[in-house]
Amino acid sequence: MKLAVLPILAGVALGVLAPVLVYFGNPGNMGMCAACFSRDIAGALNLHQAQIVQYIRPEIIGLVFGALIASFALGEFRARAGSAPVVRFMLGAFAMIGALVFLGCPWRMWLRLSGGDLSALAGIGGLIVGILIGLFFLKRGFSLGRNRQASKIVGLVFPIFTLILFGLLLWSLWDPNALVKTSQKGPGSQHAPLLISLIVGLFLGAIFQRSRFCMIAAIRDTVLFKDTHILQGVIALVVAAFLTNLMLGSFHLGFSNQPIAHNDTLWNFLGMLLSGIAFTLAGGCPGRQLVLAGEGDGDAGVFVFGLLFGAAIAHNFGLASSPAGIGANAPIAVFLGIVFCIIVAFFAKERRV
């Protein structure tokens, strides 16, 4: 199969399976969301105390292990690490803060639009502008440096962490006093059956690993290299999700009363602008980072740990949005995040030896 076709197949797979997961119980327009699901995991691990968003999402576990299995099967598992870990951690934290101001990662942004949520349009605009800002600095020499080959165990640390999450999830199913928390109401209590979620995650992880599917790369490759094959996958995602939502009766057009979304245009735009810059500087959207972590990239694993930290900060300090609007302290956090990203982008250069 030609590699150019794989992003389209990956987009169709996500576009069909995400609404199907909603049909089976996941929150509305949130069949797959790397940011929101990581936020739920952070809550389950007691990193934040927002009781309505606490659940170890099997889709994330499946995504990582699907990528792990595919990379081993194809001989592409390669342990590497060592590229500006502290900066990557902070980029992950600010990327998550921006995503939780908007209420969704780039995947959910398109899924929201495909479900009829027109408030996602501001987020799309913000993401594109954020990516373009990141590309501006990339073209002027920005670099976090190159990672280095590492021993295999270094590349397996994040998958092992994910395996521990799976064990904790199974424990929580039969022991109500388990160490992890599970929401009894709200989005965290809404989830498809474990086996269905896990299988979907495994399948998507494998096809994303093979296709290099990434929302940031779709814009980056189009702008820098005039290569649109990943962008075609994003278009396929939107079309497939739109048609699937229509068939399932879950398409509702409008700006207001959309599931787990708010209609503050400015902060939808600025939240995703922050995320777009951070994702671009770090080298990929949160879904892509999870896949990279599954195939041995320790730097991507650090970024994902930053996402978990950012989710904790967002919910512990009133930064995260809700359907009622943005958090009280969100504006200052978004401003600080943008300033941080611009400073890093301006000063981080790869030294030539």
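Buried means under 20% relative accessible area, exposed over 50%, and partly exposed in between (1.4 Å probe, protein chains only). Helices (H or I, at least four residues) are DSSP runs, numbered from the N terminus.

The model is predicted, so local features need pLDDT of at least 70 and side-chain atom pairs count only at pLDDT 80 or more, while totals for chains, interfaces and linings use all residues. Residues are numbered from 1 along each chain as its sequence is written, and side-chain values use heavy atoms, with hydrogens and water left out.

**Exercise 1. Find the buried residues of α12 and say how the helix sits in the structure.**

Step 1. Go along the helix: Pro-286, Gly-287, Arg-288, Gln-289, Leu-290, Val-291, Leu-292, Ala-293 and Gly-294 are its buried residues.

Step 2. That makes 9 of the 9 residues of α12, so the rest of the structure largely encloses this helix.

Step 3. Now look just past its end, where Gly-296 has a positive phi of about 105 degrees.

**Exercise 2. Describe the largest pocket and its lining.**

Step 1. Start with the terms. On a 1 Å grid over the protein atoms alone, a pocket is an open set of points with protein on both sides within 12 Å along at least five of seven lines; a cavity is a set where a 1.4 Å probe fits but cannot get out; lining residues have an atom within 4 Å of a point. Grid points are joined across faces, edges and corners, and a volume is the space filled by probe spheres set on the points.

Step 2. The volume of the largest pocket is about 460 Å³. Of its 22 lining residues, Leu-138, Arg-220, Thr-280, Ala-282 and Gly-283 are the closest to the centre.

Step 3. Turn to the helices: α9 (215-225), α11 (265-282) and α12 (286-294) each supply at least two lining residues. The most comes from α9, with 4 residues.

Step 4. Sort the lining by class (Ala, Val, Leu, Ile, Met, Phe, Trp, Tyr, Cys and Pro nonpolar; Asp, Glu, Lys and Arg charged; the others, Gly among them, polar). The lining of the largest pocket has 10 nonpolar, 5 polar and 7 charged residues.

**Exercise 3. Describe the lining of each of the 2 cavities of 30 Å³ or more.**

Step 1. The largest cavity has a volume of about 60 Å³. Its lining consists of Ser-38, Ile-41, Ile-60, Phe-158, Phe-161, Thr-162, Leu-165, Val-304 and Leu-308.

Step 2. At least two of these lining residues come from each of α2 (34-44), α7 (152-174) and α13, and α7 has the largest share, 4 residues. By class, this lining divides into 7 nonpolar, 2 polar and no charged residues.

Step 3. The second largest cavity holds about 40 Å³ of space. Around this second cavity are Ala-18, Pro-19, Val-22, Asn-29, Met-30, Gly-31, Leu-111 and Asn-245.

Step 4. Helix α1 (residues 6-23) gives the most here, with 3 residues. The classes are 5 nonpolar, 3 polar and no charged.

**Exercise 4. Why do the pairs Phe-94 with Phe-340 and Phe-279 with Phe-303 have the class they do?**

Step 1. Recall the rule: rings of Phe, Tyr and Trp (its six-membered ring) pair if their centres lie within 6.5 Å, and planes under 30 degrees apart count as stacked, over 60 as edge-to-face and the rest as tilted. The whole structure has 13 aromatic pairs.

Step 2. Phe-94 and Phe-340 have ring centres 5.3 Å apart and planes at 35 degrees, so this pair is tilted. It links helix α4 (residues 85-102), home of Phe-94, with helix α14 (residues 330-347), home of Phe-340, 246 residues apart. Phe-94 is buried at 13% relative accessible area, whereas Phe-340 is partly exposed at 22%.

Step 3. For Phe-279 and Phe-303, the ring centres are 6.3 Å apart and the planes stand at 55 degrees, so this pair is tilted. Phe-279 lies in helix α11 and Phe-303 in helix α13 (residues 298-316), so the pair ties together parts 24 residues apart in sequence. Phe-279 is buried, with 1% relative accessibility, and Phe-303 is buried with a relative accessible area of 1%.
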